[in-house]
Amino acid sequence: MNFYINKNANLPLLKMQVVKDGRSEYQQFMQLLETSSIFFTMINSETGIPKIVSKPAYIVELTSVNENAQTEYYIYFRFTKKDTNKVGTYQGQFLIKSEDGDLILPLREELNIFIQESFIIDSPCC
């Protein structure tokens with residue numbers, strides 16, 4: 001998964017949908033999330049140096065207008081300007097810590113985060 005954010009930005013939120021794949025017990029996983037702590041880490045792809053280490057991440061339920069729709073959940077992280085102050089490519093991961101152990105997300109593909117140069121001027125010109 002690729003995620004793009006501008007330098008010194010705190011939006012958009014980085015979010016990943018909790019996927020129902022049919023192979024795992026979705027309800028059991030949701031109960032695990034409710035009793036666990038979720039953290040986010042981001043590491044510079046070129047240097048291997050962490051930019052963010054175990055900052056709190058969160059889970060939210062998507063509110064649907066259709067009352068028959070299945071419930072969807074998202075794990076998300078909100079960047080600060082300090083988190084995005086250096087242009088580059090990073091690897092991100094969510095860590096779910098529970099009594100049963102640790103689980104690292106995403107499971108199937110890498111989370112690539114691209115911090116790009118912003119077109120907005122950070123300081124006053126005059």
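Two residues are in contact when heavy atoms of theirs lie within 4.5 Å. With that in hand, the views below go through a predicted model, beginning with the whole chain.

**View 1. The chain as a whole has 1 helix and 9 strands.** Reading from the N terminus, you meet the elements in the order β-β-α-β-β-β-β-β-β-β. Take the contacts between residues at least 6 apart in sequence: 64% of them join residues at least 24 apart. Of the 126 residues in the chain, 29% are buried. The chain exposes about 8700 Å², and carbon and sulfur atoms supply 51% of that area.

**View 2. Here is the largest nonpolar core, with 23 residues.** Which residues touch the most other members of this core? They are Phe40, Phe79, Phe94 and Ile113. At least two residues of the core come from each of strand E1 (2-6), E2, strand E3 (37-44), E6, E7 and strand E9 (111-116). For a closer look, pick isoleucine 113: leaving out residues up to four places away in sequence, its contacts are Phe3, Leu14, Phe40, Met42, Phe79, Gly88, Thr89, Tyr90 and Gly92.

**View 3. Three strands form an open sheet in the order E2-E6-E5, with antiparallel pairing.** Strand E2 (14-17) and E5 are the edge strands, each pairing on one side only. From one strand to the next, the twist averages 30°. Follow E2 and E6 along their antiparallel pairing and you will find 4 bridges. To place yourself on this pair of strands, look for glutamine 17, which stands opposite tyrosine 74 in E6.

**View 4. The loop between strand E5 (58-62) and E6 holds threonine 63.** Is threonine 63 buried or exposed? Its relative accessible area is 74%, and the cut-off for exposed is over 50%, so threonine 63 counts as exposed. Now find tyrosine 73, which is 10 residues from threonine 63 along the chain. The C-alpha atoms of threonine 63 and tyrosine 73 are separated by 9.3 Å.

**View 5. The loop between strand E6 (72-77) and strand E7 (88-98) contains aspartate 83.** Aspartate 83 has 3% relative accessibility and therefore counts as buried, since buried means under 20%. A polar atom of the aspartate 83 side chain lies 2.9 Å from the backbone nitrogen of threonine 80. Setting aside neighbours within four places in sequence, what does aspartate 83 contact? The residues are Met42, Lys51, Ile52, Lys55, Phe77, Arg78 and Ile115.

**View 6. Threonine 84 also belongs to the loop between E6 and E7.** With 0% relative accessibility, threonine 84 counts as buried. Which residues does threonine 84 contact, once its neighbours within four places in sequence are left aside? Its contacts are Ile5, Asn6, Lys7, Asn8, Ala9, Phe79 and Ile115. Ile115 is worth finding here, as it is in contact with threonine 84 and is also listed for aspartate 83.

**View 7. In this view, E3 and strand E4 (residues 50-56) run antiparallel, joined by 4 bridges.** Methionine 42 has isoleucine 52 in E4 as its bridge partner. The hairpin of E3 and E4 has 5 residues between the strands, and glycine 48 in this hairpin takes a positive phi near 75°. Along strand E4 you can also find serine 54. Serine 54 has a phi near 50°, a positive value in a residue other than glycine. How open is this residue to its surroundings? With a relative accessible area of 37%, serine 54 is partly exposed.

**View 8. The loop between E1 and E2 includes asparagine 8 and proline 12.** Asparagine 8 is not a glycine, although its phi is positive, at about 60°. Asparagine 8 is also one of the residues in contact with threonine 84, so you may like to compare this view with View 6. What is the geometry of the peptide bond from leucine 11 to proline 12? That bond is cis, with omega near 10°.

Notes: Residues are numbered from 1 along each chain as its sequence is written. This is a predicted model: local features need pLDDT of at least 70, side-chain atom pairs count only at pLDDT 80 or more; totals for chains, interfaces and linings use all residues. Side-chain values use heavy atoms; hydrogens and water are left out. Buried means under 20% relative accessible area, exposed over 50%, partly exposed in between (1.4 Å probe, protein chains only). A polar contact is a pair of N or O atoms within 3.5 Å; within protein, one must be able to donate a hydrogen and the other to accept it, and residues adjacent in sequence count only if both atoms are side-chain atoms. Two strands pair if DSSP finds at least two bridges between them. Axes are lines fitted to C-alpha atoms, for helices over the stretch in contact, and angles run from 0 to 180 degrees between N-to-C directions. A nonpolar core is a set of buried Ala, Val, Leu, Ile, Met, Phe, Trp, Tyr and Cys residues joined through side-chain atoms within 4.5 Å. Accessible areas come from the Shrake-Rupley method with a 1.4 Å probe; for residues, only the protein chains shown count as cover.
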